[in-house]
Amino acid sequence: MIEKIERSILDRISQAAADRKLLCSPERVDTYKGELADAEVFIRSHRAAVLVSFADERLKSDDDNETLIEADFIVLCYARAESRRESDTRFGAAYQLIEDIKALLHKDDLGFLAEPLTYQGCEPVFNTRFSNYHTAMYELRFTCSYGISNMDPEDRDAVLIILKRWRQSGNCRSLPATQP
C-alpha cells in the first residue's frame, strides 16, 4: 500500500507539472533514492526537483469495523539559482513549489485513502550557497490513513503480520491486543 500511495503522489505531481499547474515546474519528479548522499552531483544536475519518500507508519485504530494505518510521507522540494542576481529566484522558486505542492496534495484522498493526505508542516533541509550555486531544499510532511480492508489480499496479509508484531512488541499505543 505504501508503494501505491507514493506512486499516486508522484503521479499527481507529474500530472500537475505536465498540465502547467505548478508555477515552478520541476525538471524531475521521482522517488527519493538517496540522491543527497552525493549532494554535489544532485545540485549540479537539477535546477528544480520534487522527490517523494515514505517516512513512517503506525497503527491508528484497530476495532471490529476497520483497522487503520496512519502513514507519513515526505515531499522534498528543491530549487537552485546559478548567480547572485538569480539568488532571489531560488527562494521564490522553492517557496512557490512548496505552496503549489501543499495546494495540490492537502486533503487529497488519491481516490482510495480512508483519510486524505494532510499537510503537517515544512522544514528546511538546506538553504545555502554551494559552490557557485544558490540552493534551497525543503521537506514537506504529509500524513494519511489507509484501511486494510480494501487492500489487495497479499498486501493485507503482510500488514496483518506487521500488526501482530506491533501488538506483541507493545508499539500499538495502548490499543487492544486483538488477534488479526
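Me: What makes D56 and R58 a salt bridge?

Reply: A salt bridge needs a side-chain nitrogen of Lys or Arg within 4 Å of a carboxyl oxygen of Asp or Glu. The side chains of D56 and R58 meet at 3.5 Å, N to O, so the pair fits the definition. Bear in mind that this is a predicted model, where local features need pLDDT of at least 70 and side-chain atom pairs count only at pLDDT 80 or more, while totals for chains, interfaces and linings use all residues. Residues are numbered from 1 along each chain as its sequence is written, and side-chain values use heavy atoms, with hydrogens and water left out.

Me: Why is R58 called buried?

Reply: Buried means under 20% relative accessible area, exposed over 50%, and partly exposed in between (1.4 Å probe, protein chains only). R58 comes out at 16%, so it counts as buried. Its partner D56 has 37%, so D56 is partly exposed.

Me: What makes E115 and K60 a link between distant parts of the chain?

Reply: Their closest N and O atoms are 2.4 Å apart, in a salt bridge. E115 sits in strand β4 (residues 115-130) and K60 in strand β2 (residues 48-62), 55 residues apart. Strands here are DSSP runs of E, at least two residues, and helices are runs of H or I, at least four, numbered from the N terminus. Both of these residues also take part in a salt-bridge network, along with D56, R58, E70, D72, E139 and R141.

Me: Why are K102 and E99 about one helical turn apart?

Reply: Because they are three residues apart in helix α3 (residues 87-105). K102 and E99 form a salt bridge too, with 3.1 Å between the closest N and O atoms.

Me: How do you know which strands are at the edges of the sheet?

Reply: Two strands pair if DSSP finds at least two bridges between them. The open sheet runs β1-β2-β3-β5-β4, with mixed pairing. β1 (28-31) and β4 each pair on one side only, which makes them the edge strands. Further in, β3 (residues 67-81) and β5 (residues 133-147) pair antiparallel over 14 bridges, and F73 stands opposite F142 in β5.

Me: Where is the confidence under 50?

Reply: Over residues 174-180. pLDDT is the predictor's confidence in each residue, from 0 to 100. Where pLDDT is low, the predicted coordinates should not be read in detail. For the chain, the mean is 85, and 88% of residues reach 70 or more.

How values were computed. Contact means heavy atoms within 4.5 Å.
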